[in-house]
Every structure is written in C-alpha cells, then in structure tokens.
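This briefing describes the structure shown below, moving from the overall fold to its sheets, helices, cores and chain contact. Please keep the model open while reading.

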Amino acid sequence: MNTPLRRLSLVVALLFALLLGSATWVQFVDAGDLRDDPRNSRTLLAELGRDRGPITAATGEVLAESVPAEGPIAYRRTYPGDPSAATWAHVTGFYSVVYGATGVEDALGSLLAGTADELFYRRLSDLVTGREPSGASVELTLQPEVQEAAAAALGDQRGAVVALEPSTGRVLAMVSSPSYDPGELASLDTEEVRQAYARLLEDDTDPLVNRAVAGDLYPPGSVFKLVTAAAALETGDYTPQSVLPGPAELPLPLTTISLPNVSGEACGPGDEVSLADALRISCNTAFGSLGLTLPDGAVADEAAELGFGRALQVPLRVTPSTYPEDLDEPQRALAAIGQGSVRVTPLQVAMVSAAIANDGVLMAPQMVASVNAEDLSVVDAPEPRELGRAMSEDTAAALTQMMELVVQDGTGTAAQISGVDVAGKSGTAEVGDTDGDGSPEDPHAWFTAFAPAQDPQVAVAVVVENGGDAGSEASGGRTAAPIARQVVEAVIGR
Amino acid sequence: MAVVTQHAARSRRGTELLLLVLAVGVAVLAYGMVGLGVDGEWSAGLPQYGGGLAALALVVHGVLRWRAPYADPVLLPVAVALNGLGLAVIHRLDLAEGSAQAPRQLLWSAIGVVAATAVVVALRDHRLLRRYTFVAMAASLVLLLLPLLPVLGRTINGARIWIGVGPLSFQPGEIAKITLAVFFAGYLVTARDTLSLAGRRVLGLRLPRGRDLGPILVAWAGSVGVLVLQRDLGTSLLFFGLFVAVLYLATERVSWIAIGLVLFAGGAYVAYQLFGHVQQRVSGWLDPFDPEVYDRAAGGSYQLVQGLFGLANGGLTGTGLGRGRPDIVPFANSDFVLASLGEELGLAGLFAVLALYLVLVERGLRTAIGVRDGFGKLLAGGLAFTVALQCFVVAGGVLRVIPLTGLTMPFLAAGGSSLLTNWIIIGLLLRISDAARRPAPTPAPAPPGPATSETQIVRTV
C-alpha cells in the first residue's frame with residue numbers, strides 16, 4: 001500500500017500547489033485590478049482612515065478639508081467653499097465612500113491621500129517614526145473673487161465660464177452651471193449618498209458634469225472666427241484691411257443652399273467688407289468665403305496650434321476640442337464660422353483669447369499653484385509652461401486691435417468697461433434640433449474676451465446654453481458678453 | 001541486495017518541545033499584535049491566552065512523553081500553531097465586530113486537546129479500533145442522521161447539519177469524518193483482495209466485478225443523500241473523496257478512481273440540474289464580478305468577491321494584523337478565515353499557513369507509510385487525506401479555484417465541532433505514528449521448531 005500512499009501524497013502536493021498558484025494570482029498578479037474595482041470599498045476606507053490633505057484657493061481659502069468624525073471612519077470630507085460649496089463643486093469635485101472621487105479630489109487623489117510616489121520618502125520616515133501619515137495640501141490658482149463673480153454672473157443659467165491668466169496659463173476661475181453640493185456625496189451615510197447621487201444622475205440638466213472642460217463639446221459659433229482670422233493673417237496674404245466679399249448670402253459650392261448673414265443684409269457697401277469689419281460685425285459670408293479661399297488645411301493647422309485635438313490635464317482631464325478632418329468645400333465654409341462639426345470646450349475658447357493676448361504664445365492651462373507636504377515643504381509647484389507659438393506677434397497684435405473694435409463698436413459692446421480697453425468676440429451657435437422635438441433649440445450664446453488689451457491680465461470664455469434666460473432672443477453679444485465683463489472686472493478690480 | 005542500515009530509534013520529543021515553543025511564541029505574538037494594530041496596545045488578556053495555549057501544548061507534550069514517546073514530533077506543533085493563529089484572527093474579528101468568539105474558541109481548543117489526550121491515553125494500540133468497524137459505520141449513520149431529527153436538528157444558513165440543545169449547537173457530521181474513516185479502513189482492509197484482484201481488464205484498467213461495485217455505490221448514495229437531505233455540498237464532497245481515496249489505497253487500482261470521478265461528475269451534474277443553491281454556487285464561481293450575480297440577495301457572489309478584495313488589498317505582505325478590514329467579508333472568522341488571514345498577513349502569511357497544512361498532511365501520510373499494519377495505513381492515510389481535501393475545498397472556494405462550499409479550515413476557523421474533530425484526528429495520528437516510529441521489539445531468541453523453517457508465509461503490506 002505504500003506506492004498508492006506516495007502517489008496520494010503527490011496528489012496532495014499538487015492540490016496545494018494549485019492553491020498557492022491561485023493565491024499568487026489573487027494577491028499579486030490580479031491584485032491591482034481587484035483593488036481598483038469600484039465595489040472594493042477597502043481602498044477608499046483605507047484613504048478615509050487617513051487625514052487627507054486640504055484643497056485651498058489661491059488666497060488660502062479652504063475649499064475641501066478632512067475633519068475628524070465619530071464612528072468607524074476616522075475622517076469626513078467637508079467642502080466649506082464660499083459662498084457655497086456648489087460654487088467650487090466642479091473644481092474640487094467630490095470624494096465619496098461609495099462613488100469614488102472626481103475633480104481635483106480625483107486628479108490629485110494620491111497626493112491628497114499621501115500615497116503618491118512623490119511622497120515616498122516622507123512616508124518612509126513616517127514609518128520609522130511611527131507617525132500617522134497624512135496627505136499633502138493642494139493650493140489652486142483659482143481666485144475666490146473671480147470664481148464668485150463668474151458664478152454670480154452666470155446665475156442659474158446652464159453654461160460655463162473659464163478665466164485664464166494669459167501670460168502663465170493659470171486658471172483664475174472655472175464655473176459650470178448647474179452645480180451640486182459635494183458635501184452631500186461625501187457623507188459617511190452611504191444610503192444618503194446613494195440617494196443624492198441617484199437624484200443628481202437623473203437630473204436632465206446634468207449638474208455633475210463639468211461643462212468647462214469635460215461636458216459634451218459645444219459648437220463654438222462665431223467665436224471660432226478668431227481662429228479663421230488668425231489662419232488668414234498667418235498666410236501673409238491678408239491684413240485687417242484686406243477686402244473680402246460680404247454679400248447677404250454666400251452660395252455654397254456643390255450644394256443648392258447658401259450661407260446667410262444673421263442680419264439678412266450685406267456686410268458692407270458693394271457686397272464687400274474689410275477683414276477687421278467682418279470680425280467686428282461677425283460677418284458670416286466674409287468668413288465663409290475665407291474658408292473657401294484659404295489654402296487647404298490652413299484653418300485646421302491654426303486650430304491645432306491653438307490647442308484643438310490636445311488631451312490636456314490641468315490636472316482635470318480636458319476633453320480635446322475637435323476641428324473636423326477631410327472637409328469638402330461647403331463644410332469648410334461652415335467650419336470657418338464655427339458651425340458644421342467644429343466642437344470646443346469653454347476652456348479651449350479661453351485658450352484662443354489667451355494666446356492672442358499673450359503675443360501669440362499659448363500657455364498650458366494649470367489649476368495647481370503648489371502642492372505642499374504636511375511639514376509645509378513644497379512637493380510640487382508647476383512652473384508656467386508654453387504649449388507653443390500659435391501665431392506671430394504681428395498676427396496677435398492685429399487680432400487684438402480687431403477684437404477691441406468688436407467691443408468698441410461691434411457685436412460686443414456689452415463687454416465695455418469704462419477706462420479699460422477690452423478685446424472680445426461674440427458667438428451665437430446654432431445647435432439644431434438636439435432634443436428631437438422637430439424644432440431647433442435656442443442657440444448657445446458665447447463670448448470670449450481679454451483685458452486690458454495692451455497689458456492682458458485675464459482671458460475669459462463664457463457659454464450660456466440655449467440662450468439662457470433670453471431664450472431664442474439670445475445672442476453672444478447680449479447674453480454672454482455682460483458675464484464676461486463682470487469676470488474681467490473682478491480680475492482687474494482685484 | 002539492499003543494504004539495511006539500522007538507526008537507533010529516537011523519540012524526538014526534545015525537537016517537539018522546541019517546535020512547540022516556536023509555535024506558541026508565534027501564536028502569542030500574533031494575538032498580542034492584533035491589539036497593537038487595532039488599539040495601539042497589546043491585546044487584553046494576553047497572559048491568560050498565552051498561558052492557556054502554552055498549558056494545552058505542554059499537557060499533550062507531557063502525555064506523549066508518557067504514553068507515546070515515539071509519536072511524530074511535528075504534528076503537535078503544527079496543530080498548536082494553526083490553532084493559535086486561528087485564535088489570533090478570531091480575536092481580531094472580535095475587536096472589529098464587537099463579538100466574543102475567541103474565548104469560546106479557546107474553550108473548545110481545551111476540549112479538543114483533552115479529547116486528543118484521551119485518545120492517546122485510552123487507545124493503547126490503534127489496531128483495537130478495527131474491532132469496531134461496524135460500530136463505526138452505525139455511529140456514522142446516526143451522526144449524519146441526527147440533524148434531520150425534528151426537535152434536535154437545526155438549519156443554519158440553509159444547511160441542516162446542526163443539532164442543538166439549548167444554547168449549544170454542534171455539527172455531528174464533523175465527528176462522522178472520523179467514524180467513517182475507521183469504518184472505511186476496517187472494511188476495506190478486509191475486502192481489499194476481492195476488490196483488487198477480480199475483474200476484467202478493459203483499456204488497461206482492471207474493472208471490478210459488478211457485485212463488487214456495491215460498496216462504492218453505497219458510499220456514493222450516502223454522500224448524495226447528505227447533499228440532498230442536508231443541502232451541504234462540502235461535506236458530501238469530503239465523504240466521497242475520503243472513500244475513493246481509501247479505496248484506492250486499499251486496492252492500488254486506478255480504475256476505482258476513474259469510477260469514483262465518473263460517479264462524482266454524474267452526481268454533480270444531476271445536483272446542478274436539480275438544486276438552485278448548487279447552480280448559484282457555480283454561477284458565483286464562474287462570474288462573481290457580474291453585477292447581477294454580485295447583487296443577488298441570497299446566494300450571490302458578494303461574499304466571495306469581498307473576500308477576493310480583501311486578499312488583493314493584503315497583497316504580498318498584508319496590511320498588518322489589525323490594520324485591514326477583514327470584517328467586511330461575511331463569516332470572516334469561519335468560512336472566510338483564510339481571506340481574513342490573507343488580507344492582514346498577505347500572500348507571505350497565506351503561503352506559510354498553507355505550508356503548515358501541507359506539512360501536517362504529509363506527516364500524516366508519512367505515518368501511514370511507516371506504520372506496519374494495513375488497517376493503520378488506511379486509517380492514517382484516510383485521516384490525513386481528509387484534512388488535505390478539506391483544506392483544498394475551503395481554500396479553493398475562497399481563492400476561486402472551485403465553487404464555494406460550506407466547509408471550514410481545520411484548526412483555523414471558529415467552530416467547536418470542527419476544532420474537536422481535528423484534535424481527535426491529531427490524537428489518532430499521534431497514536432498511529434508512535435506505532436510507526438517505535439523500534440521493533442528485539443526479537444526474542446527463536447524457539448527451535450517449524451517456525452524457523454523456510455516455509456513461512458509472509459505477507460507484505
């Protein structure tokens with residue numbers, strides 16, 4: 001009987017080898033995926049057990065912090081943002097036991113939690129000294145008064161506002177409306193969190209979506225004419241005084257339809273208009289014809305240089321704006337005035353103005369001023385970074401003058417500030433019938449601006465969805481320009 | 001011609017004592033560190049716990065010196081280490097859940113150790129058990145049927161395998177593991193010749209005669225009965241596996257294993273078709289991450305998946321005792337004690353514990369090889385294999401090698417019946433290993449006569 005006993009012991013050894021193998025699979029090979037499974041509450045519980053670092057605005061105002069809590073979880077996340085947590089909700093994001101994290105809470109999650117590789121040596125010393133490790137604090141570049149002004153100006157209209165510092169790319173304000181209360185989702189009562197989340201998710205206005213960088217992309221409408229104008233000036237064949245055809249309607253080749261002006265009238269005497277005037281009054285037919293006559297790819301290249309198609313992390317993930325490829329002639333004409341299938345984020349529009357304001361150099365947008373360890377030593381302080389030159393200095397100067405005319409005597413007069421030269425451009429983007437009820441929706445109202453024109457401190461982009469309170473009567477100049485003006489005033493008056 | 005070297009037989013009791021010190025030391029340290037991890041202070045009751053465990057170990061050790069000096073020196077320390085680690089993990093979950101299972105478990109450890117000691121003291125020769133072959137069979141039947149009685153039986157978590165008197169509950173099926181092992185060994189050591197020699201050869205396998213199939217069919221029917229009547233997958237699988245293994249040991253015939261596997265596969269298939277809870281276990285095993293399976297209110301894969309999450313969070317070195325969240329997993333101190341251990345002690349700790357089990361089983365099988373009588377071989381081999389199979393079924397369930405069943409890890413998991421049974425198994429293995437390692441008595445000078453002639457009939461075993 002000894003032979004079968006020996007065989008049996010071999011079988012037993014094999015069975016155990018199988019167990020060791022599967023244990024290795026679960027705890028080592030597959031462990032990463034298992035840890036990342038959203039149903040694995042341990043990862044979050046472990047982080048919640050730690051003192052997560054705070055998120056502060058540029059002035060030190062606390063936007064998110066962990067406070068000691070009663071019960072099994074040591075800390076609770078609170079959002080004391082002013083005037084309300086909702087003003088800052090899309091910036092901070094939320095940090096939930098049930099649904100994970102969004103916004104900066106997510107993008108800089110490992111630094112806030114103290115588990116990032118950058119903090120490795122500090123953790124090592126915590127291990128040796130037996131100190132409870134705590135997360136790094138994150139200071140943002142956003143200015144409370146600018147953020148509050150933007151939120152107040154937008155009110156409860158759906159839309160977004162982004163303000164940048166042109167010379168550095170620092171984000172001064174980022175507002176998305178409607179918003180929500182992140183504190184509700186950070187509650188330790190999971191049932192409460194589930195209900196709140198379900199309610200926000202079912203809301204047709206998508207309050208959880210950060211429209212400034214990550215919503216459904218918007219058609220830019222006439223603010224895109226800045227890109228077309230830049231492309232034209234960059235060819236060297238055009239100056240602001242170049243004369244363009246500006247009829248009441250531009251017949252589109254290959255089709256039976258034509259592209260009309262909003263006013264229904266010609267843009268100038270003799271159906272002609274200068275490039276500068278075309279921008280000032282937002283002449284569709286002049287820019288449509290530019291789209292037809294500019295060399296193939298000129299507008300696409302200019303758009304790419306201004307950041308279209310780039311996947312940025314600011315550190316929030318930004319949905320890349322798109323300029324369509326392989327256009328036929330009528331599509332090029334439509335794209336040149338920002339219709340057709342051109343799609344943008346409000347941040348992208350602000351970047352266009354910022355590049356023009358910064359003598360043609362595009363800076364990488366950045367929301368983080370510095371990351372500090374608990375002992376106040378600086379872990380990371382992002383330096384301003386150039387994304388590249390989007391246009392020559394001459395082009396930028398010419399465009400600046402043209403945009404000043406828009407505000408002085410064009411479609412953007414509502415953005416005027418006494419004593420300050422504001423450069424701007426309006427847009428009213430047709431959106432078609434998006435809800436499928438047979439009639440087109442009200443257009444989106446856009447405005448982008450920078451000021452002061454000769455020493456730009458802020459570049460801003462505003463979008464108000466479906467015309468906001470003004471509905472079908474809305475236009476970029478009437479609806480969005482006053483919001484942009486209030487944001488600029490908040491920066492300049494600071 | 002083989003050269004036989006005679007070693008002086010050594011009792012190795014000193015080695016055992018040293019290993020016991022190590023085992024108790026590791027377990028006590030683990031128990032104390034649970035408190036450090038949770039509260040930052042050494043666990044309360046550490047002296048009582050450490051003293052209790054050490055006393056239990058020393059009692060068995062002393063009895064072995066007295067009554068079984070040649071018993072295997074590794075079995076006892078491994079059992080003490082596993083029992084002690086189990087107590088530490090149970091204490092850790094007590095702290096998390098506010099329960100008080102650890103003192104109960106310590107009490108049952110003491111009862112188990114007393115039982116093992118009683119086995120070693122009262123049973124002077126394991127061969128005596130062979131006389132009770134059919135008593136053991138009858139006892140097995142009674143033990144298995146007890147939970148089905150109307151007043152005594154209790155259904156807990158869907159399985160009717162408990163009996164209860166007042167606040168006490170017990171799983172008689174655990175003890176049946178031992179009585180069945182005795183019965184199988186006693187029956188098969190007698191029947192092995194007919195079962196192994198008669199029959200036709202088909203495709204290289206010697207198939208048994210039809211009438212010899214009787215016993216395996218009875219065993220199969222019995223384990224299916226357990227499955228149907230008590231809804232207990234694990235025990236059913238365990239009994240059948242035990243029977244097939246002992247049958248193979250007795251007959252050395254691979255065909256029995258083949259027949260056993262076919263019968264098992266058939267039974268499993270029919271059970272899958274007939275019983276919802278079997279289907280749930282299988283789907284929970286195949287697609288545990290499917291939201292539908294995961295969220296199923298009863299019989300879903302929530303427990304398994306949470307166990308896997310715990311193990312994954314433990315990683316290579318674990319979170320440290322008291323630093324994980326094993327309490328998230330349902331039944332973390334019994335069915336899923338391995339997940340708790342793997343979370344806080346990591347892959348390294350899990351490997352160490354599995355290695356302890358492997359050592360325990362292989363020492364049991366080594367005992368079976370060393371002992372001289374067929375009954376002892378079958379009994380030791382059967383008992384050791386039961387422990388191995390139970391480990392595989394439980395750990396395999398937790399680690400998603402096979403579908404989850406309702407068994408618990410020997411020694412580690414909270415549960416009195418299981419602890420008592422496994423200590424009795426250790427007692428039996430110690431007793432048999434003493435017989436296996438005891439030096440053969442110096443043969444008395446042979447009396448002159450026919451005994452010295454060349455015509456002795458020698459039967460090797």
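Helices (H or I, at least four residues) and strands (E, at least two) are DSSP runs, numbered from the N terminus. Chain A has 18 helices and 19 strands. The model is a predicted one, in which local features need pLDDT of at least 70, side-chain atom pairs count only at pLDDT 80 or more, and totals for chains, interfaces and linings use all residues. Residues are numbered from 1 along each chain as its sequence is written, while chains are lettered from A and ligands numbered from 1 in the order in which they are written.

**Chain A as a whole**

- A residue is buried if 20 or more other C-beta atoms lie within 10 Å of its own, exposed if 12 or fewer, and partly exposed in between, with C-beta atoms placed from the backbone. By this rule, 54% of the 494 residues of chain A count as buried.
- Two residues are in contact if their C-beta atoms, placed from the backbone, lie within 7 Å. Among the contacts in chain A with a separation of 6 or more, 69% are between residues 24 or more positions apart.

**The six-stranded sheet of chain A**

- Two strands pair if DSSP finds at least two bridges between them. An open sheet with mixed pairing is formed by six strands of chain A, in the order 3-2-1-6-14-15.
- Strand 3 (75-78) and strand 15 (378-380) of chain A each have a single partner strand, so one side of each has no neighbour in the sheet.
- Strand 1 (residues 55-56) and strand 2 (residues 62-68) of chain A run antiparallel and are joined by two bridges. In these bridges T56(A) stands opposite V62(A), and I55(A) stands opposite A64(A).
- The same two strands, strand 1 and strand 2 of chain A, form a hairpin with five residues between them, and G60(A) in the turn has a positive phi of about 95°.
- Strand 2 of chain A also pairs with strand 3 of chain A, in the antiparallel sense over four bridges. There, V67(A) has R76(A) as its bridge partner.

**The five-stranded sheet of chain A**

- Five strands of chain A form an open sheet with antiparallel pairing, in the order 8-7-19-18-17. Its edge strands are strand 8 (171-177) and strand 17 (423-429) of chain A, each pairing on one side only.
- Axes are lines fitted to C-alpha atoms, for helices over the stretch in contact, and angles run from 0 to 180 degrees between N-to-C directions. On average, neighbouring strands of this sheet are turned by 5° against each other, direction ignored.
- Six bridges link strand 7 (residues 159-164) of chain A with strand 8 of chain A in the antiparallel sense. A163(A) stands opposite A173(A) of strand 8.
- Helix 8 (residues 144-154) of chain A packs on the sheet and touches strand 7 and strand 8 of chain A; the direction of helix 8 makes about 30° with that of strand 8.

**Two helices of chain A**

- Helix 4 (residues 85-92) of chain A is mostly covered, with eight of its eight residues buried. Among them are W88(A) and H90(A).
- G93(A), just after helix 4 of chain A, takes a positive phi of about 75°.
- Helix 11 (residues 225-234) of chain A contains V227(A). V227(A) counts as buried because it has 29 C-beta neighbours inside 10 Å.
- Not counting residues up to four places away in sequence, V227(A) touches V299(A), E302(A), A303(A), L306(A) and V352(A). V227(A) and A300(A) are 73 residues apart in sequence and 9.1 Å apart in space, C-alpha to C-alpha.

**Nonpolar cores**

- A nonpolar core is a set of buried Ala, Val, Leu, Ile, Met, Phe, Trp, Tyr and Cys residues joined through C-beta atoms within 7 Å. The largest nonpolar core has 148 residues, and those touching the most other members include F184(B) and L338(B).
- A second, separate core of 136 residues includes A86(A), V162(A), L259(A) and A303(A).

**Contact between the chains**

- Chain A contributes 30 residues to the contact and chain B contributes 40 residues. Helix 1 of chain A gives the most to the side of chain A that touches chain B, with 19 residues.
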